[in-house]
Amino acid sequence: MTIPTINVATFPVDLCTGARDACCFFAGAFLGRNDAAYLHTAGITDVACVDTDEAKLIEMHEIYPPTWKWLARDAYEVARETRDSRRKADVVTVDPWTGDIGRALWALPLWLAVTERVLIIGTCLDWFDSMKLPATLDGANEWITRQHWSGAPTPPPATRLVKYSEYRGGLWWLVFELA
Ligand SMILES: C[S@@+](CC[C@H](N)C(=O)[O-])C[C@H]1O[C@@H](n2cnc3c(N)ncnc32)[C@H](O)[C@@H]1O
């Protein structure tokens, strides 16, 4: 087993270089093909990978740097604890299964609360379609502005939408640059 091969056109690696640390939520399944492999390429040595699939994290532990940390836990729970203890990571990635993208996007204030510099969160054509929005950066930002974010500040506009797969009509990273 080795770290998956990457295609830098499909991930905002440029925004990750020089980062002090990262938190990779929903890190398992494909050994980091979507996200962890890019955090590694960006040279981040302090990365916490969170996934409920412990067996997959054990496999990843074998191939990623020994300085990386592995948490076989619920991503929302870990994010809430991180937020409540006022900790943040420079880079945060969020990559749930496509069927769970709606839930993860509703939790946008939570992921932003634990992000210092860059939040990279997955989205997909099914989600844009269900929101009756075009699969564009403007479409995503329209969704952000039309929501009522009760109890949380309105998220800032996303700055990039990066397509990384043609699966089911398209998977994209929605990127927020906070600093
Ligand atoms: C799309 S896959 C992630 C792929 C991974 N980022 C990669 O590049 O290999 C989604 C992952 O979410 C995990 N998962 C599902 N629900 C979860 C939860 N509540 N907390 C943490 N991980 C969860 C699954 O075990 C699965 O590994």
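Which residues does Ala-22 touch, not counting residues up to four places away in sequence? In this predicted model, the partners of Ala-22 are Leu-39, Ile-44, Val-47, Ala-89, Asp-90, Val-91 and Val-92.

## The nonpolar core

The largest nonpolar core contains 49 residues. Ala-22 belongs to the group that touches the most other members, together with Cys-24, Phe-25, Leu-39, Cys-49, Val-91 and Val-92. Leu-39, Val-91 and Val-92 also appear among the contacts of Ala-22 itself.

Over the protein chain as a whole, 35% of the 179 residues count as buried. Strand E4, residues 89–94, is mostly covered, with six of its six residues buried.

## Overall architecture

The protein chain has seven helices and seven strands. Read from the N terminus, these elements follow the order β-α-β-α-β-α-β-α-α-β-α-α-β-β. The radius of gyration is 15 Å, close to the 16 Å that the globule rule gives for 179 residues, so the chain is as compact as a globular protein of that length.

Along the principal axes, the C-alpha atoms fill a box of roughly 45 × 35 × 30 Å. Among contacts between residues at least 6 apart in sequence, 64% join residues at least 24 apart.

## Parallel pairing around strand E4

Strand E4 pairs with both E1 and E5. Strand E1, residues 21–25, runs parallel to E4, and four bridges join the two. Within this pairing, Cys-23 has Val-92 of E4 as its bridge partner.

Strand E5, residues 115–124, also runs parallel to E4, to which it is joined by five bridges. Here Val-91 is partnered by Val-118 in E5. Val-91 is in addition one of the contacts of Ala-22, and it is listed among the core residues that touch the most other members.

## Surroundings of the ligand

The shell around the ligand comprises 20 residues, of which Gly-28, Ala-29, Phe-30, Asn-34 and Ala-75 come nearest. By character, the residues of this shell divide into nine nonpolar, four polar and seven charged.

## Positive phi angles in two loops

Most residues other than glycine have a negative phi. Phe-26 is not a glycine, yet it has a positive phi of about 65°. Phe-26 is located in the loop between E1 and helix H1 (36–41). Is Phe-26 buried or exposed? With 22 other C-beta atoms within 10 Å, Phe-26 is buried, because the cut-off for burial is 20 or more.

Lys-132 likewise is not a glycine and has a positive phi, in this case of about 55°. Lys-132 lies in the loop between helix H6 (125–130) and helix H7 (137–146). With 8 other C-beta atoms within 10 Å, Lys-132 is exposed, because a residue with 12 or fewer falls in that class.

## The segment before E1

Ile-6 belongs to the segment that precedes E1. Ile-6 is partly exposed, having 17 other C-beta atoms within 10 Å. Its contacts, not counting residues up to four places away in sequence, are Ala-37, Tyr-38 and Thr-41. The C-alpha atoms of Ile-6 and Leu-125 are 22 Å apart in space, and the two residues are 119 residues apart in sequence.

## The hairpin of E6 and E7

Strand E6, residues 160–165, and strand E7, residues 171–177, pair in the antiparallel sense over five bridges. In this pairing, Arg-160 stands opposite Val-175 of E7. Five residues lie between the two strands of the hairpin, in which Arg-168 takes a positive phi near 50°.

Leu-161 is part of strand E6. With 18 other C-beta atoms within 10 Å, Leu-161 is partly exposed. Which residues are in contact with Leu-161, leaving aside its neighbours within four places in sequence? They are Thr-136, Leu-137, Ala-140, Trp-172 and Leu-174. Ala-135 is 26 residues from Leu-161 along the chain, and the C-alpha atoms of these two residues are separated by 8.9 Å.

Conventions:
Residues numbered from 1 in each chain as written. Predicted model: local features only at pLDDT ≥ 70, side-chain atom pairs only at ≥ 80, totals over all residues. Core = buried A, V, L, I, M, F, W, Y, C linked by C-beta atoms within 7 Å. Contact = placed C-beta atoms within 7 Å. Near = placed C-beta within 6 Å. Nonpolar A, V, L, I, M, F, W, Y, C, P; charged D, E, K, R; others polar. Rg over C-alpha atoms; globule rule 2.2 N^0.38 Å. Pairing = 2+ DSSP bridges.
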